[in-house]
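User: Please take a close look at one helix pair and how the two helices pack. Then place that pair in its wider setting.

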There are 2 protein chains.
Amino acid sequence: MSEMFSLSPSHPMPLYAQLTRAIQFAIATGRLRVGEQLPTVRQLAVELRVNANTVAKVYTELERSGILETRRGVGTFVSARHFAANHHEEHEKHLQELVDRFVEEAGAMGFSVDDLLDQLQSRRTKETKINV
Amino acid sequence: MSEMFSLSPSHPMPLYAQLTRAIQFAIATGRLRVGEQLPTVRQLAVELRVNANTVAKVYTELERSGILETRRGVGTFVSARHFAANHHEEHEKHLQELVDRFVEEAGAMGFSVDDLLDQLQSRRTKETKINV
DNA sequence: TTACTTGTACTAGCGTCGTAGTACAACCAG
DNA sequence: CTGGTTGTACTACGACGCTAGTACAAGTAA
């Protein structure tokens, strides 16, 4: 494990957000598997040259989302619960919220839902998306 | 013109952003037509109980985007240039950027483009969207 | 030119957010 | 129990963004 994740302090996106995304992405793409242990808060903090609290906040937040599971004195792990049966409902809800925001923003710019559909359609055929 | 726009100071979205959206939306829906004059910076500031500078910044920004046109000593108007022939390319570019962000965010959450398409599809049939 | 309108530039204050520092609490292994 | 690990709570500082205040510049109309 040379470098688990990588952050750019100069990037406008805050460190904690970058790390959150990185972890979610790693799980979604299978680079982190269910049950697997993540680096220690301090360990990852040193590696990323970041305060331990920043890492801890990310872990806490992801635990709240049900993605991670943490045991004091042991470590933090990729949760199995998140991938259980009832997970679908929650996940679906997130998707709905995301699309809500998206449609709203697009509307303010004068785009219709159909415009968005067209754009997305062209992407579907053009690119080969990473499959989880 | 009782109240051109309305803002919520308590809303987390900053005033300038609210106003920007409101103006864009008014133009997109035809409530403000090409060539029409907008309220004066100070006039609108008083009406919205906001500093004149806040309104001015919004006007300036929208002028940069080519949506408005301002003439000193006269006022600010809805630009015709923005709706010219070459406007389409630029507008299309904005749409692409928006969709880029969208797909990226969704990807981080583990959603595929097809998932997004499904969600959007259901919205298209469910709601009757405002047509510009 | 002069009076009055318009938008603009500069500055300061305030709040919020992100991050780091430090000290604490829970847990495991011996 | 004891030493060392783990995550956690609290606090404070710095930076940035948003808004307001004030003074200025450019244009119009008489």
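Analyst: Helix 1 of chain A passes helix 3 of chain A in a right-handed crossing. This is a predicted model. The axes of helix 1 (residues 15–28) of chain A and helix 3 of chain A come within 9 Å and cross at roughly 50°. Angles from 35 to 65 degrees fall outside the parallel and perpendicular ranges, and the two helices of chain A are therefore oblique to each other.

On the helix 1 side of this contact are Leu15(A), Tyr16(A), Leu19(A), Thr20(A) and Ile23(A). They meet Thr54(A), Val55(A), Lys57(A), Val58(A), Glu61(A) and Leu62(A) of helix 3 of chain A. By class, the contact has seven nonpolar, two polar and two charged residues.

Helix 3 of chain A also faces the DNA. It gives five residues to the surface near DNA strand D, the largest share. Other contributors of two or more residues include helix 2 (41–48) and strand 2 (75–78) of chain A, and helix 1 and helix 3 (52–64) of chain B. In total 25 residues surround strand D, the closest being Val41(A), Pro14(B), Leu15(B), Asn51(B) and Gly73(B). This surface divides into 10 nonpolar, 12 polar and three charged residues.

The two chains also touch each other: 30 residues of chain B are in contact with 29 residues of chain A. On the chain B side, helix 1 (15–28), helix 4 (87–108) and helix 5 (113–126) each give two or more residues. Helix 4 of chain B provides the largest share, 10 residues. That side of chain B has 16 nonpolar, seven polar and seven charged residues.

Note on methods:
Residues numbered from 1 in each chain as written. Chains lettered and ligands numbered in written order. Predicted model: local features only at pLDDT ≥ 70, side-chain atom pairs only at ≥ 80, totals over all residues. Contact = placed C-beta atoms within 7 Å. Helix = DSSP H or I, 4+ residues; strand = E, 2+ residues; numbered from the N terminus. Nonpolar A, V, L, I, M, F, W, Y, C, P; charged D, E, K, R; others polar. Near = placed C-beta within 6 Å. Axes fitted to C-alpha atoms, helices over the stretch in contact; angles between N-to-C directions. Parallel < 35°, antiparallel > 145°, perpendicular 65-115°, else oblique. Left-handed = near helix turned anticlockwise from the far one by under 90°.
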